Amino acid sequence: MKIDLIIRNAADVETDCLVVVAIDKADKDKSSGGVLTQEKPLQDVAQELISSGELTGRPLELLMLYKPAGIKAKRILIAGGGKESKFNPNDLRKMAGAAARHLKARNIRNLAIALPSGAHFTAENAVRAAVIGVMVGDFDPDTYKSDRKDQRIESLTIVAPTGSDEKHLRAAIEEARIIGESQNFTRELVNEPGNRLTPTMLADRARKMAAENGLECEVLSTNEIKALKMGAFWSVSQGSDEPPALIVIKYSPPGAPADPVLGLVGKAITFDTGGISIKPADGMEKMKYDMAGGAAMLGAMRAIAQLKPRVRVNAVICASENMPSGKAQKPGDVQIAMSGKSIEIINTDAEGRLVLADGLTYARTKLGCTHLVDAATLTGACVVALGMVNAGIFANNDEMYERFKHALHQAGEKMWRLPLDEEYRDMIKSGIADIMNSGGRYGGAVTAAMFLKEFVDDKPWIHLDIAGTAWMDEAKPFIAKGPSGIAVRSLIEFVRSYAAQ
Ligand code: BES
Ligand code: MN
Ligand code: ZN
């Protein structure tokens, strides 16, 4: 997608479609809504529709007008931003996404967005929201349809009023382009089926991404994983004919302080059958997205490499299949993790925590990571608790949690903190080993997090359970159904927050 900036009156911009924001002013001024622009011709175009009540400005409302009088654009798409007092960059991002999806479905591939005037946020934030919204909206998951019509948006023009600061707005566009592309990079990976993205193929994609972005990348496979005594990781991989891959990516910019070293650890089960504790057939095909945590870390690293914050970041992606076979691990087996802790396997379907246990240990002991963040489609219990609206977030450190919460807010992503009380530790006690890999049905998201906590030692750590949010069963006006790319934007903001100090 070509993205450009024009500083000019929006009414004078020649484009297939000019998107303008309409706002609902009902909370302030009963008489009218309004378009967020200072330009008289644009106000005039909307005025009659607003007076008649046909256009209210409610969130994601879309109204297309053809050959508007006094305006150079072929069409105008008036897009609702919701209540004026609440209108924020997240509303604008969704609105831009909805507009993009509406237009591409109608074969309109070139659009311009008039930056809203009089909004309660900066022009830079508006630019970022509009660009990310359109890029995220442009993604469709129909990769392998043979009649796939390439309906991708060709160009987006951001129209800023005269007097705008061109340099700052261009920088905001560039930043948003990187973030939007990286989120979509993650979504492409998550969308791939298990036969087209084995651990080896994921490692190849990671290597390619790293090479293109000047990142260091190393892939450890079976022999190295065994040599490192990663007994928890290997126990998941041993049942599969496909070798595992421990993907290690390093970003250490010149001049960055020695401390902190951030460690991003991702679960990347390229297909989760459950292993010997096999899953029911119904819906099992969805378990191709069990690598969404690892894919999120790859997307975040891609953006970090391009945005270049002055902070050291390593990613560790634990890629494996979870398969039943004559070589597969069995319930009752005992495994020794890289940290030396012994684990009784109760359920081979609780495999994510096993690969992450060794991934976290590796990040901490071999890469010197001082702060750890993991992301994983870890538990069905998290989906039961929070549905598909919020991801689960756990933290052993309040300061780090607050920092992540701020990043979530900036990125416009939703996660809800769940507890890690010591009492839950009892639920994963084992009679034969140090811990067991399943605490049963009750509090399943928490006991999974408690298991991971055993492997972070005293390091500040955040765990993101994205099982319910990494895949959307229903489309929304601003985003296709399928892989969401959750956590990518927050991770990027979180990492950048360390460089901003
Ligand atoms: N990958 C699943 C979790 C999952 C469930 C992700 C639904 C996305 C949607 C994970 O490996 C798993 O199977 N977890 C088990 C743990 C249980 C056996 C303790 C679960 O949640 O049922
Ligand atoms: Mn599983
Ligand atoms: Zn899984």
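Trainee: Which residues does Thr 361 touch, not counting residues up to four places away in sequence?

Mentor: To read a contact list, skip the close neighbours along the chain and see what is left. In this predicted model, Thr 361 touches Met 338, Ser 339, Lys 366 and Phe 455 once residues up to four places away in sequence are set aside. You'll find Thr 361 itself in helix α9, which covers residues 352–365.

Trainee: Is Thr 361 buried or exposed?

Mentor: Look at the relative accessible area: under 20% counts as buried. Thr 361 has 2%, so it is buried.

Trainee: How far apart are Thr 361 and Glu 344, in sequence and in space?

Mentor: Those are two separate readings, one along the chain and one straight through space. For this pair you get 17 residues in sequence and 18 Å in space, going C-alpha to C-alpha.

Trainee: Let's try another one. Where is Glu 493, and what does it touch?

Mentor: Same routine: place, then burial, then partners. Glu 493 sits in helix α13. Its relative accessible area is 15%, so Glu 493 is buried as well. Leaving out residues up to four places away in sequence, Glu 493 touches Ile 179, Ala 407, Gln 410 and Ala 411.

Trainee: How do helix α8 and helix α13 pack?

Mentor: For a helix pair, check the angle and the spacing of the axes. Helix α8 spans residues 292–307 and helix α13 residues 488–499; they pack at about 45°, with axes 9 Å apart. That angle is why α8 and α13 are called oblique to each other. Their crossing is right-handed.

Trainee: Which residues meet where α8 and α13 come together?

Mentor: Go through one helix at a time. From α8 you have Ala 296, Met 297, Gly 299, Ala 300, Ala 303, Ile 304 and Leu 307; from α13 there are Val 488, Leu 491, Ile 492, Val 495 and Arg 496. Sorted by class, this contact has 10 nonpolar residues, one polar and one charged.

Trainee: Now the whole protein. What does its radius of gyration say?

Mentor: Compare the value with what a compact globule of that length would have. With 501 residues, such a globule would be near 23 Å, and the protein has 24 Å, so the two agree. Along the principal axes, the C-alpha atoms fill a box of roughly 80 × 50 × 45 Å.

Trainee: How many helices and strands are there, and what share of residues is buried?

Mentor: Count 13 helices and 20 strands. Of the 501 residues, 59% count as buried. One more for your notes: among contacts between residues at least 6 apart in sequence, 78% join residues at least 24 apart.

Note on methods: Residues numbered from 1 in each chain as written. Chains lettered and ligands numbered in written order. Predicted model: local features only at pLDDT ≥ 70, side-chain atom pairs only at ≥ 80, totals over all residues. Heavy atoms only, no water. Axes fitted to C-alpha atoms, helices over the stretch in contact; angles between N-to-C directions. Helix = DSSP H or I, 4+ residues; strand = E, 2+ residues; numbered from the N terminus. Parallel < 35°, antiparallel > 145°, perpendicular 65-115°, else oblique. Left-handed = near helix turned anticlockwise from the far one by under 90°. Contact = heavy atoms within 4.5 Å. Nonpolar A, V, L, I, M, F, W, Y, C, P; charged D, E, K, R; others polar. Rg over C-alpha atoms; globule rule 2.2 N^0.38 Å. Buried < 20%, exposed > 50% of the residue type's maximum accessible area, 1.4 Å probe, protein only.
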